[in-house]
Each structure stands twice: as C-alpha cells, then as structure tokens.
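The following explanation concerns a ligand and the protein residues that surround it. The reader is invited to keep the structure in view while following the text.

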Amino acid sequence: MELPGPNASRRRFLKAALTVGGASALSACLDRFSEEPIPQGTDDPTSFPDRQFAWNDSLERDDHGNVVLPEHHLFVYLNYDGEAGSEGVPTATDREQLETALRTIERAYEWSNRGVVFDLSYSPAYFDRFEEPLPDSVDLPSPERLTPVDTPTLDEQDALLHLASDRSDALLAIEETLFATGDDAPDTLNGVDVAGRLSDVFTVDDRRTGFIGPGLPAANQDGVAGIPDNGPVPEESPLFMGFKAAFAGNQATEEYVTISTGPFAGSTTKHVARLRQELDKWYGENSHDDMVSKLFSPRHAESGAVEGVGENLGDHSGITDEIYERITETAEEFGVVGHAEKAARANRDAEGNVRTLRRHVESTDDDTASLQFPSLQQGISEFNAVQEAMNGTDIVAENPAIKPRVKNGIFRYVFVQNRGNFLVPPRSLRAFPTSTGDAPAEQ
Ligand code: HEM
C-alpha cells in the first residue's frame with residue numbers, strides 16, 4: 001500500500017498513513033495537518049480511570065447512545081527486552097522506564113477520540129517467567145484454536161499495546177517517538193518532553209492497524225484482497241460486511257467485564273483475534289435479506305428488522321432471548337442460522353447481562369481485508385464459550401442443510417489467522433506486574 005495523493009480525503013489519508021506507517025507517513029501527516037493541533041493531555045494521574053480499559057466515559061456516543069470508537073487503531077505486539085542480568089524478570093528500573101513512557105503518552109494527548117486512548121496488556125507467556133502462577137481470580141489460559149475450521153497462529157508475545165485515536169498521526173507520532181532508538185530520537189511528543197521510551201524495555205514483534213466508522217470501509221475497498229473489484233461496500237457502512245455492529249444493548253459494560261476480587265482487581269481479560277475476510281461470495285451470492293439472516297437471524301430478515309446498514313436498530317440489535325432460544329426451530333424452518341443469534345446463546349449470564357465487550361475494527365494490513373477483533377470479558381473461558389456458541393457445532397450436527405462453513409452465520413466469509421489472550425491490569429499495575437499482582441518500585 002502507498003500513501004494517497006494530496007487530493008485524497010482527510011479521513012482516507014489518515015487511514016492510509018497509519019497502515020503504511022513509518023517516518024515518511026508521519027512527515028506527510030505533519031505537512032498536511034500542521035494547522036490542526038491535537039489536544040494535549042495532563043500530568044495529573046488522578047484524572048485517568050483506574051482501569052486502563054475504561055475508555056467509554058471519555059469516548060463519543062452516536063445519536064442512539066452507542067459508544068463511538070476512535071476511527072484509527074494500532075496494535076503493537078511487544079516482547080520484553082529487559083536489563084542485562086535481569087534473568088528475564090523485569091526490574092524496578094524497567095518498570096519505572098515503562099511507566100514514564102506511558103505517562104509521556106498521557107501528557108502528550110487528551111484521553112478522548114480526538115486525543116488518544118490506550119491499554120497495555122500482558123500474555124500468559126509473559127506471566128510464565130515468574131515462579132508463582134497467576135491467582136485463581138485471573139482466568140488467562142494460553143491461546144488455542146477455537147473453531148473446527150481454522151488453524152490460527154497463536155500470539156505468544158509478552159505484551160500488547162492497543163492505541164486508538166481519530167488522529168492516526170498521533171498514533172504514528174507515538175510509534176516514531178517512543179519506539180525510536182539512538183541519538184536522533186525525537187525528544188518531544190505533541191509538544192511535551194519525552195521522558196522514558198518504550199524501546200528501553202520492549203522490542204516490537206508486530207504492528208497491526210485498524211479503522212472503523214461510516215464511510216471508511218467504502219473509501220478503502222479498492223485493490224484490497226477479499227473485496228470484489230466492483231466496490232460493493234455501502235458508502236454509509238462502518239464495517240466491510242455492510243452493517244453496523246456493537247450496539248450498546250448487546251455489549252457488556254466496562255464494570256461487568258472487570259475482575260472484582262484478588263490482587264488483580266480492576267483488570268479484565270482481552271482476547272484478540274485477527275480474521276481474514278473473503279467477501280466475494282458475501283456480496284456475490286447474498287441479497288440484503290440473506291445477509292441479515294446470516295449476520296443477525298432469519299427472524300430479523302422475515303420481519304424486515306434491519307434497514308440498510310442497520311442504523312434503524314438504535315441501541316440494540318434485536319437479538320432477544322426469544323430469538324436465540326428458538327434457534328433449533330429457526331435452523332429447521334429456514335435452513336440457515338445467524339451469527340449474532342448463535343453467539344448470543346452464550347453471551348448472557350443468568351440475570352440476562354451481556355458478558356463480552358467487543359471493540360472490533362477493520363484492517364487492510366497486507367492489502368487484505370481483515371478484522372482485528374478484541375473482546376473484553378472477566379475471564380477467557382467466557383470468550384471461549386461465546387466462540388463455541390458461534391461455531392454452531394450442535395446446529396450443524398442436526399441440520400444437513402447447515403455445514404461448518406455453509407449457512408452457518410458468517411463462517412463462509414471469515415478465516416481466523418491469529419489468536420492471543422491478554423490480561424489488562426489496572427493502571428496502578430500496568431508497568432510489568434508480577435504474577436502475584438505487585439509492581440515493586442525502586443526503593
Ligand atoms: C467480520 C466479522 C464479524 C462481523 C462483520 C460481525 C458482525 C456482527 C453483527 C452485525 C452483530 C449484531 C449486532 C451487535 O450485536 O453488535 C454481531 C454480534 C455479535 N458478534 Fe460479531 N461479527 C464478526 C465477528 C465476530 C467474531 C469473530 C465473534 C467472536 C465470538 C463475534 C461475536 C459476536 C457477539 C458475541 C455478538 C453479540 C451477540 C449478542 O449477544 O447479542 N463476532 N456481530
């Protein structure tokens with residue numbers, strides 16, 4: 001992928017710059033957006049939420065009260081690269097360098113869509129270096145294959161830094177400044193002095209990018225593998241598949257996904273999958289009603305519940321318990337089952353609360369349509385249960401018309417490439433926590 005020319009729209013330019021990455025993309029942004037300052041943050045730690053993933057109160061809402069994620073996302077997969085002689089266990093100095101680097105981001109950018117929100121999470125492989133295991137209050141197994149039809153690469157890097165902003169130039173500047181090494185590394189970030197760099201303690205293993213928002217998928221569909229050449233993605237859609245997702249009524253609250261007991265109280269678990277999308281058949285074979293049947297439920301298609309991209313649904317997808325409890329009957333009657341109605345079967349607790357908070361975004365990394373899919377929940381087993389419900393193995397077993405990748409929700413169109421599991425500790429433990437929930441500082 002290359003940077004678009006100066007006539008490209010502002011949003012398309014910002015999207016392309018992040019995907020391309022690097023110093024030249026940042027400098028092209030600086031040329032174009034130097035007149036549009038990004039609001040600075042603060043050095044008052046009490047103004048930030050205790051839970052790193054508590055983004056929602058600071059993010060915008062749409063007309064229906066649904067959270068509007070920032071348009072650009074950067075996922076930086078990191079390996080700990082500690083002090084010589086530390087025997088792989090982070091030292092108090094590493095911890096201080098990391099905390100100082102993270103505070104540099106907070107001082108440089110407002111915690112909002114127009115500034116930057118972020119969280120830093122740690123994998124089971126990271127915690128393995130400590131003698132003590134994680135406490136029972138933390139449900140964080142190693143990642144595994146979770147569908148019968150995919151063989152993903154398992155992400156076992158130590159940590160994942162997930163940053164999001166409407167200004168991708170802020171994300172590029174963070175990368176180019178805080179991961180820089182050597183004497184010519186920039187010494188300011190958005191006008192604030194840099195204190196501590198992420199490159200002091202981490203090596204970057206992988207960088208993945210994402211975007212979301214009405215208009216962006218349509219503007220970025222040309223020349224992308226997995227999307228037909230005739231540009232079928234509707235102009236107003238926030239996602240490549242042509243529909244809106246993540247309605248407030250079908251999302252867990254941040255409170256709900258919080259681990260409330262033990263030394264990691266204030267944490268959550270984060271499953272992050274990367275899926276490749278192959279939408280030639282999606283757009284080639286399906287009418288609007290077929291798409292609604294496969295994404296939501298055939299009952300939605302029957303009642304005409306979803307107009308266009310689904311803006312009319314307001315703050316709830318309409319997947320009720322009546323709908324998902326009748327799924328066996330639906331499968332028999334229609335010979336097809338919907339993605340959301342399948343997943344919903346395991347996505348409610350006994351009181352009817354939604355269990356997972358999904359923050360998924362699209363991607364054209366490697367010029368291929370894909371989805372970066374983070375899901376937050378109290379424990380990874382909850383995610384695994386939701387994935388199993390989405391697999392629909394029970395439905396496939398009973399309905400000859402439905403096969404693992406045929407008429408089984410959206411399985412024909414999505415292919416899981418990567419899976420990783422992470423713990424997002426509270427802000428107070430975000431710099432190299434030990435497995436027992438300490439982060440000892442230098443005495
Ligand atoms: C390209 C891929 C995907 C697309 C386009 C997509 C789209 C959607 C849509 C339109 C809905 C209904 C609206 C809503 O509740 O937000 C939905 C619901 C849902 N999806 Fe996905 N999704 C995708 C992948 C996944 C994956 C990989 C999972 C993993 C388990 C997943 C889990 C869920 C869950 C849990 C719900 C909510 C069901 C409920 O409890 O009501 N989705 N998705």
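In this predicted model, a nitrogen atom of the ligand lies 2.8 Å from an N or O atom in the side chain of histidine 339. Histidine 339 belongs to helix 12, and its NE2 atom is the only protein donor of the iron atom of the ligand, at a distance of 2.0 Å.

Two further polar contacts involve oxygen atoms of the ligand. One links an oxygen atom to an N or O atom in the side chain of asparagine 347, at 2.8 Å. In the other, a polar backbone atom of alanine 246 is 2.6 Å from a ligand oxygen. Ala246, His339 and Asn347 are among the residues that come nearest to the ligand, a group that also includes Asn250 and Arg348.

The surroundings may now be considered as a whole. The shell around the ligand comprises 26 residues, of which 17 are nonpolar, six polar and three charged. At least two shell residues come from each of strand 10 (268-277), helix 12 (339-344), strand 13 (370-377) and helix 13 (380-391). At the level of domains, domain 1 (39-246 + 423-429) and domain 2 (276-420) each contribute at least three residues to the shell. The space that the ligand takes up is the largest cavity.

Technical notes. Residues are numbered from 1 along each chain as its sequence is written. This is a predicted model: local features need pLDDT of at least 70, side-chain atom pairs count only at pLDDT 80 or more; totals for chains, interfaces and linings use all residues. Side-chain values use heavy atoms; hydrogens and water are left out. A residue is near a molecule or strand if one of its heavy atoms lies within 4 Å of it. A polar contact is a pair of N or O atoms within 3.5 Å; within protein, one must be able to donate a hydrogen and the other to accept it, and residues adjacent in sequence count only if both atoms are side-chain atoms. On a 1 Å grid over the protein atoms alone, a cavity is a set of points where a 1.4 Å probe fits but cannot get out, and a pocket is an open set with protein on both sides within 12 Å along at least five of seven lines; lining residues have an atom within 4 Å of a point. A molecule sits in a cavity or pocket if more than half of its atoms lie within 2 Å of its grid points. Helices (H or I, at least four residues) and strands (E, at least two) are DSSP runs, numbered from the N terminus. Ala, Val, Leu, Ile, Met, Phe, Trp, Tyr, Cys and Pro count as nonpolar, Asp, Glu, Lys and Arg as charged, and the others, Gly among them, as polar. Domain bounds come from an automatic or database domain assignment. Donors are N, O and S atoms within 2.8 Å of the metal (3.2 Å for Na, K and Ca); water is not among the atoms, so sites may look incomplete.
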